[in-house]
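Colleague: I am new to this structure and would like a close look at a single part of it. Please take me through that part slowly, in one connected account.

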Amino acid sequence: MEHTINGVAFRVVGLRSLIKGARHANACELTAPAPWAQVRAIAGLEVPGLGPILDVGAPRIGDGTLPAGTPFNLITAVGQ
């Protein structure tokens with residue numbers, strides 16, 4: 001699934017993994033470069049098919065711009 005949320009373009013690339021606190025980690029990767037702060041700022045927004053984003057696990061690298069292909073996790077609630 002490919003999405004663009006608040007200017008952050010990404011695709012879901014992996015299966016949901018159950019993690020502590022009744023949450024899922026959803027493996028994703030950027031499909032276009034984006035500033036780290038902008039990627040982190042999508043927490044609290046809704047992703048169709050995944051539900052509300054509780055947290056974003058994105059690496060902070062280099063000058064703060066994450067290149068296309070950067071892997072990250074979207075944390076969503078179980079049951080969404």
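In what sense do β2 and β3 pair, and over how many bridges?

Modeller: This is a predicted model, and in it β2 and β3 pair in the antiparallel sense, over 7 bridges. Strand β2 covers residues 8-19, while β3 covers residues 23-30. The two strands form a hairpin with 3 residues between them, where Gly-21 takes a positive phi near 85°. Among the bridge partners, Ser-17 is matched with Ala-25 in β3.

Beside that pair in the sequence is His-24, which also has its place in β3. His-24 counts as buried because its relative accessibility is 14%, and the cut-off for buried is under 20%. Leaving aside neighbours within four places in sequence, His-24 is in contact with Arg-16, Ser-17, Leu-18 and Ile-19, and also with Leu-74, Ile-75, Thr-76, Ala-77 and Val-78.

On its other side, β2 is joined by 4 bridges to β1, residues 2-5, and these two strands run antiparallel. They form a hairpin with 2 residues between them, and Asn-6 in the turn has a positive phi of about 50°. Ile-5 stands opposite Val-8 in β2.

Both β2 and β3 are among the elements that give two or more residues to the largest nonpolar core, along with β6 and β8. The largest share, 3 residues, comes from β2. This core has 17 residues, and those touching the most other members include Phe-10, Leu-30, Ile-42 and Leu-74. Beyond four places in sequence, Ile-42 touches residues including Ile-5, Asn-6, Val-8 and Phe-10.

Definitions and conventions. Residues numbered from 1 in each chain as written. Predicted model: local features only at pLDDT ≥ 70, side-chain atom pairs only at ≥ 80, totals over all residues. Heavy atoms only, no water. Buried < 20%, exposed > 50% of the residue type's maximum accessible area, 1.4 Å probe, protein only. Contact = heavy atoms within 4.5 Å. Core = buried A, V, L, I, M, F, W, Y, C linked by side-chain atoms within 4.5 Å. Pairing = 2+ DSSP bridges.
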